[in-house]
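Let's take a walk through the side-chain contacts in this one. Rings come up to begin with, then charges.

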There are 2 protein chains.
Amino acid sequence: MNKKAIGYELIARDGQARSGALMTRRGIIETPVFMPVGTLGTVKGTRFEALEATDLDARIILGNTYHLWLRPGAEIIAECGGLHRFIGWERALLTDSGGFQVWSLGALRKITEEGTEFRSHVDGSLRFLSPEVSMEVQAALGSDIVMAFDECAPGNASHEEARESMLLTARWARRSRSRFCALQKEDMDAGHVDKRESPGDAQLSGAQALFGIVQGASHLELRRESLERTVEIGFDGYALGGLSVGEEKSVMYSVVEEIAPLMPPDSPRYLMGVGTPEDLVECVARGIDMFDCVLPTRNGRTGQAFTSRGKLNIKNAQWARDTRPLDEACVCSVCRRHSRAYLRHLYLTGEMLASILLTHHNLAFFLDTMRRVRQAIRSGDFTRFRREFLEGVNSGVA
Amino acid sequence: MNKKAIGYELIARDGQARSGALMTRRGIIETPVFMPVGTLGTVKGTRFEALEATDLDARIILGNTYHLWLRPGAEIIAECGGLHRFIGWERALLTDSGGFQVWSLGALRKITEEGTEFRSHVDGSLRFLSPEVSMEVQAALGSDIVMAFDECAPGNASHEEARESMLLTARWARRSRSRFCALQKEDMDAGHVDKRESPGDAQLSGAQALFGIVQGASHLELRRESLERTVEIGFDGYALGGLSVGEEKSVMYSVVEEIAPLMPPDSPRYLMGVGTPEDLVECVARGIDMFDCVLPTRNGRTGQAFTSRGKLNIKNAQWARDTRPLDEACVCSVCRRHSRAYLRHLYLTGEMLASILLTHHNLAFFLDTMRRVRQAIRSGDFTRFRREFLEGVNSGVA
């Protein structure tokens, strides 16, 4: 296999901000890109037809290895032909490694050199997740981008704690890579694509891609060391993990600002679990290509809309008779059709459609923001876009 | 106003079964027709785009006066331009009168000649609903078809009880008609359509239509008397109410069989709140044109799918690895894309998408059944269709 599993081609730069094309076995993805989160094989409240429609046009979504491993189980998904076929989605899928979810269990898990033992939040059964198991599950899922199994340190971790954690992540990264390669050779990838018809993808192997994860909490020298160790092992792409886990926002920005420019320029750079629309734009400005976050979906379900003028709480009485759309600058299918008054009524009466529509609008806002980011970078206008965007979201919804 | 608010043109008959065109101010509706229920201004779990898509193509949906009056209130909806504009739906809307919902409150309501006093299930406040109030609320909603305010008798009501209730309904029908006409003259209809562009609708007045309701429980002579009294008052269409309220199915069938053929042949006949797919086909065979029922939406939310081979409970373990669609004979967007295994996973993990997709499929099955019913009647093949359909739904899902 001399062909690569994934390709990244830089198209334009504007300062540290970059726009490129991420070539995957399931099509080309323009970057910077936002990936909606589909924890259990569904972007909550959203039909795949909606994700594919022009106002969202999500090119890649994320699945959670931990959650899918527990339910319905990797075996069932593999039997059904892998995660793409199981859920009915032909576009690209990225799966995380389960490391972060297991780490989030806190007292319910025990971390050793070998891996992590934990009790399932579903049935209380004892489970063991390791780099090898994570790679096996992700091969059974057949996602297009696999994440190495990592260990996360708390946002306020001491230098010593963070370094130990980072070194463990490095050892696990090597084991991840090793088991991942063996699985590819053993043909265990449920999502293997034999050949692609589009010329852009003809250079690809059709195999899964594997991304490494840089850890080190808020300690910049640990982050640099983690990056070196990760690049030394060699991955198809590189992620920044362990951010947006309780640290100050300024800390997150400074880690990204310091580390992103040091990441291999010819590989995609993925900032995991981040963030608000402002965070996305700010971290693009610092060199990031890929993002995922539950904010648009989760906050949609709790009645919060993201708009070009900031957040809007649909519960507020001020919208009771407001016939305007959530965001007057938005052309998504929700804003084209429905008023704040109607959405408020749906939310207050507990109707499922409130979650469905608010989630849709929020995803549209995140995805459209990234579309505009790409356009701004390509036209050399990113600085102005960034300033105007931040002014907008800070101006307040009236 | 010499033009009619609604038109009904018979296109074909096959035995008692009839197929026609119901002309409304918001387009022509082929009958027999099934109307999805949109209680609070939303067909639960379903986007309007899905209702409009070719696999559903719902031409008319129902709204509940009682529920919308309590939340968000008729005033807010009228201020937002009526129910169509409030919810973002340009096709036809029928609203019930609230009579049935108030009656269902049981001990929480008190019925007098004047109307019904009850406590709101939302905030416990004391409310009063009467023929006049119901007409006023339905005018504020601006629905295309308004239902007279009626009183329902229990399925097992004695002759005396049922006759009193039926006579009250007749007096309320007259008051409904009277207030309705006054409101139309007073221009209180929030959904008024000035002129229609399509030639078929050019004959229509653009006003709301009003349907009368035949009551009388299971007593055929009371039903006949009720029909006579209702027709004497004169309505744009006639409904059979007070069925599917706990009586034996054979009772419901015999009431429909006896009464439907006596209903004015040049007006639409609407069987309220009915029923299963078999009920729909059986009542079309007895002369009914219009149906509404919560079964496809409500049962979809509890994991039950209606299929051409009967009901399917998505929770069953037998579907855990089943890659087939819910119904192999169905071409709806859910069956074209998703497997039983995936839908079961969504349901068991409590994902909203389970309700969304099962509801969609169920609506597709009901609406497609009616499409096939219409085609069978028009091609003179309804008897065979009916036999094969019933054989199918009784054969059991494998």
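What follows is a short tour of aromatic and charged contacts in a predicted model.

Across all chains, the structure holds 26 aromatic pairs. Take F86(A) and Y342(B): their ring centres are 5.5 Å apart and the planes sit at 80°, so this pair is edge-to-face, given that angles over 60 degrees count as such. F86(A) belongs to helix α4 (residues 83-87) of chain A, while Y342(B) belongs to helix α13 (residues 340-348) of chain B, so the pair joins two chains. Both F86(A) and Y342(B) are buried. They also have company: F48(A) and W89(A) belong with them to one aromatic cluster.

Rings meet charges here too. R286(A) has its charged end over the ring of Y253(A), 4.7 Å from the centre, and R177(B) does likewise with F235(B), at 5.8 Å.

Now for the salt bridges, of which there are 62 over all chains. Here are three of them:

| Acid | Base | Closest N and O atoms |
|---|---|---|
| E79(B) | R321(A) | 2.3 Å |
| E225(B) | R229(B) | 3.0 Å |
| D322(B) | R340(B) | 3.6 Å |

E79(B) sits in helix α3 (residues 74-79) of chain B and R321(A) in the loop between β16 (310-313) and α12 (333-337) of chain A, so that bridge joins two chains. E79(B) is partly exposed at 48% relative accessible area, and R321(A) is partly exposed at 40%.

E225(B) and R229(B) are four residues apart in helix α8 (residues 220-233) of chain B, separated by about one helical turn. E225(B) counts as buried at 19%, whereas R229(B) is partly exposed at 33%.

Both D322(B) and R340(B) are buried. Finally, R25(A), R26(A), D144(A) and D189(A) are linked in a salt-bridge network.

Methods: Residues are numbered from 1 along each chain as its sequence is written. Chains are lettered from A and ligands numbered from 1 in the order in which they are written. This is a predicted model: local features need pLDDT of at least 70, side-chain atom pairs count only at pLDDT 80 or more; totals for chains, interfaces and linings use all residues. Side-chain values use heavy atoms; hydrogens and water are left out. Rings of Phe, Tyr and Trp (its six-membered ring) pair if their centres lie within 6.5 Å; planes under 30 degrees apart count as stacked, over 60 as edge-to-face and the rest as tilted. Buried means under 20% relative accessible area, exposed over 50%, partly exposed in between (1.4 Å probe, protein chains only). A charge sits over a ring if NZ of Lys or CZ of Arg is within 6 Å of the ring centre and within 35 degrees of the ring normal. A salt bridge is a side-chain nitrogen of Lys or Arg within 4 Å of a carboxyl oxygen of Asp or Glu.
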